[in-house]
Amino acid sequence: MAPQTRRGPSFPKIVIERDSDTEDSSEEEDFDDEVQKLAGEASDDEQAEEKDDASTSTKRKREPITISLKRVCKVCKQSGHEAGFRGATYIDCPMKPCFLCKLPGHTTMTCPHKVATEFGVSPAPLKNSHNSLKYLFDRQLRCHVPKMKPAFVIPNKVNCAVIRYHSRRVTCLEFHPTKNNILISGDKKGQLGVWDYEKVHERIVYGNIHSCILNNMKYNPLNDGTVYGASSDGTVSCTDLETGISSSLVNLNPTGWQGPSSWKMLYGLDLNSDKGILLAADNFGLLYMIDARSNNVTGKPILIHKKKSKVTGLHCHPLQPDLLLSCGNDHFARIWDIRRLEDGSSIYNLQHKRVVNSAYFSPQSGSKILTTSQDNRIRVWDSIFGDLDSPSREIVHSQDFNRHLTPFRAEWDPKDISESLVVVGRYISENYNGVALHPIDFIDITNGQLVAEVMDPNIMTITPVNKLHPRDDVLASGSSRSIFIWKPQENTELEREEVANRIIICGKAEKSRKGKLDDDSGDDDMFDSKKNSKTKKIHVKSKVHGGKRKC
């Protein structure tokens with residue numbers, strides 16, 4: 001059945017009236033003379049007719065010019081309709097399937113996955129398979145996962161924030177491994193920020209670490225005062241958080257810029273703590289191994305993904321660090337054994353339909369795999385020892401963006417001993433009391449149920465970077481250039497003035513909001529304008545429910 005185009009308002013027409021001439025124009029006569037000289041082949045009769053026409057046209061009013069402005073869809077490049085956001089509503093292109101679930105027959109506004117994330121998701125099955133791998137799993141790994149699922153504690157209220165902390169959008173966040181109140185952050189410009197969010201005003205940004213995007217960070221296990229960073233400038237750095245002094249461990253572009261075809265950028269980064277090896281991957285599908293003790297590259301780079309494809313993430317198994325999980329732009333997540341690492345030696349390849357933004361082992365036992373793909377799917381494999389040909393569950397979630405954003409990544413809650421709670425930002429906005437907001441979703445991956453969606457009416461930008469604290473009930477989120485700390489809401493509500501004291505505004509506070517949702521647009525003046533709260537009294541609270549969104 002041929003797709004039908006939605007009817008919309010008629011295209012506007014602009015009518016331009018020409019001024020009437022009462023006298024002969026000398027300029028027009030001169031122009032006519034030049035044309036007659038150039039057109040030497042014209043006959044005398046034709047020239048006479050042209051003169052008569054020119055003289056009569058100047059005496060009467062000229063006819064108006066009508067211009068019709070046609071709308072062109074940004075998705076399919078055809079005229080007659082438009083696609084995109086209108087406030088909090090996403091208008092689908094009629095020539096394409098649903099933007100959310102990628103299936104034809106309905107639009108995003110009527111998509112069943114938009115109402116309930118657990119729609120079409122089967123719960124975790126109870127398999128009674130009898131094999132040696134299952135036996136080893138039950139004896140060595142299952143004992144770390146309790147059978148009873150504890151109650152989820154959701155950080156749902158902004159406790160403190162730094163507005164316009166970075167000069168460009170936030171790209172990565174990490175909590176300090178030993179100091180609970182220290183958060184480090186990286187941005188698109190390559191800057192590294194260190195913030196003590198309990199003292200709020202103690203913050204610093206080191207701007208001389210990298211020359212462009214800081215994609216990933218990992219703490220040094222031998223010295224928690226230093227942090228490794230992988231950047232799109234092709235370097236791996238080791239930075240002292242106290243002094244800001246940085247040393248380059250790897251530089252993949254020693255000769256400088258030689259064109260986009262040869263420029264190497266580093267994205268994935270992780271550390272094998274047992275062997276003291278730092279693993280980094282670039283945009284050509286290559287993996288580099290660095291000795292963290294001597295800070296030297298060991299061996300040759302190994303092709304772990306399709307040639308000239310970006311490796312977007314690396315993650316070592318929490319209990320067996322020799323197992324490596326990688327993901328990339330070639331639509332695959334791959335499992336490796338770094339003890340016998342070579343081209344084509346992957347243990348298993350997990351196929352996806354589009355780019356894989358992230359892939360992680362579960363934090364407690366490492367038996368589960370969680371991936372985030374650009375096709376609006378969060379995929380879960382319940383056991384690395386089971387059938388990996390297809391995921392155990394696919395959860396439809398809005399994370400396919402069409403603008404310059406940090407990719408969405410579903411992150412495990414490291415404190416959840418049941419290994420079932422994940423946090424991820426949402427791309428498509430929702431209408432909350434007339435305000436278009438992008439909530440942060442907490443999802444139970446065992447059944448796909450939306451446990452909670454947290455938002456604040458003052459955070460109007462998209463929040464793609466989210467990190468849960470490994471020990472406290474704290475959520476750190478990066479939205480545009482700002483960083484927010486969420487904590488569970490207490491019984492006694494804090495006064496507005498007390499909350500404002502824990503909000504730091506960097507840069508010019510008088511910068512006006514333009515209403516765009518771009519993450520680099522600077523639309524993050526949270527709590528800096530009191531006239532906002534006076535003119536509009538909007539009360540939006542986070543919703544914790546059993547899987548249904550109450551919009």
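This is a walk through a predicted model, stop by stop, with something to select at each one.

**The whole chain**

Start with everything shown as cartoon. The protein chain has six helices and 36 strands. Colour by burial next: of the 551 residues in the protein chain, 49% are buried. Switch to a surface view and you are looking at about 28100 Å² of accessible area, with 50% of that belonging to carbon and sulfur atoms. If you draw contacts between residues at least 6 apart in sequence, 55% of them join residues at least 24 apart.

**The annotated repeats**

Now select residues 163-198 and 349-382. An unreviewed UniProt entry labels both stretches "repeat: WD". Take residues 163-198 first: the span is 50% strand and 0% helix, and its end C-alpha atoms sit 16 Å apart. Then go to residues 349-382, where strand makes up 56% and helix 0%, with the end C-alpha atoms 16 Å apart.

**Strands β11, β12 and β13**

Select residues 223-231, which is strand β11, and residues 235-240, which is β12. The two run antiparallel and are paired over five bridges. To see one pair up close, pick Gly-229, whose bridge partner in β12 is Ser-237. The hairpin linking β11 and β12 has three residues between the strands, and Gly-234 there takes a positive phi near 85 degrees.

Stay on β12 and turn to its other partner, strand β13 at residues 246-251. This pairing is antiparallel too, again over five bridges. Click Thr-239 and look across to Ser-246 in β13, which stands opposite. Five residues separate β12 from β13 in their hairpin, and Gly-244 in that turn has a positive phi of about 80 degrees. How many of the six residues of β12 are buried? Five are, so the strand is mostly covered.

**Strands β14, β15 and β16**

Next, select residues 266-272 for strand β14 and add β15; five bridges join these antiparallel strands. Asn-272 is a handy landmark, standing opposite Ile-277 in β15. In the hairpin of β14 and β15 there are four residues between the strands, and Gly-276 has a positive phi near 65 degrees.

Add strand β16, residues 286-291, which pairs with β15 in the antiparallel sense over five bridges. Here, find Ala-281 and its bridge partner in β16, Leu-287. The hairpin of β15 and β16 has three residues between the strands; Gly-285 in it has a positive phi near 85 degrees.

Now isolate β15 itself, residues 277-282, and show side chains. In a regular strand, side chains alternate between the two faces of the sheet. Which residues cover each face of β15? Ile-277, Leu-279 and Ala-281 lie on one side, Leu-278, Ala-280 and Asp-282 on the other, and all are buried. Because six of six residues are buried, β15 is largely enclosed by the rest of the structure.

**Arg-379**

Jump to strand β24, residues 377-381, and select Arg-379. Is Arg-379 buried or exposed? Its relative accessibility is 3%, under the 20% cut-off, so Arg-379 counts as buried. Show its side chain together with that of Asp-375: a polar contact of 2.7 Å joins the two. Then bring up the surroundings. Setting aside neighbours within four places in sequence, Arg-379 is in contact with His-352, Lys-353, Ile-369, Leu-370, Thr-371, Ser-373, Pro-391, Arg-393 and Glu-394.

**The cysteines**

Select Cys-98 and Cys-101 and put a distance between the sulfurs. Why is there no bond from Cys-98 to Cys-101? The Cys-101 sulfur is the closest cysteine sulfur to that of Cys-98, yet at 3.8 Å it is too far for a bond; the cut-off for a disulfide is 2.5 Å. Across the whole structure, the search finds zero disulfides. Cys-98 is buried, with 1% relative accessibility. Move on to Cys-506, which also counts as buried, at 13%.

**Last stop: Ala-452**

Finish in strand β31, residues 449-454, by selecting Ala-452. At 0% relative accessibility, Ala-452 counts as buried. Add Asp-441 to the selection: it is 11 residues away along the chain, and the two C-alpha atoms are separated by 6.0 Å.

Technical notes:
Residues are numbered from 1 along each chain as its sequence is written. This is a predicted model: local features need pLDDT of at least 70, side-chain atom pairs count only at pLDDT 80 or more; totals for chains, interfaces and linings use all residues. Side-chain values use heavy atoms; hydrogens and water are left out. Buried means under 20% relative accessible area, exposed over 50%, partly exposed in between (1.4 Å probe, protein chains only). Two strands pair if DSSP finds at least two bridges between them. A polar contact is a pair of N or O atoms within 3.5 Å; within protein, one must be able to donate a hydrogen and the other to accept it, and residues adjacent in sequence count only if both atoms are side-chain atoms. Contact means heavy atoms within 4.5 Å. UniProt positions are given in the numbering used here, feature names are shortened, and annotations may be inferred rather than shown by experiment. Accessible areas come from the Shrake-Rupley method with a 1.4 Å probe; for residues, only the protein chains shown count as cover.
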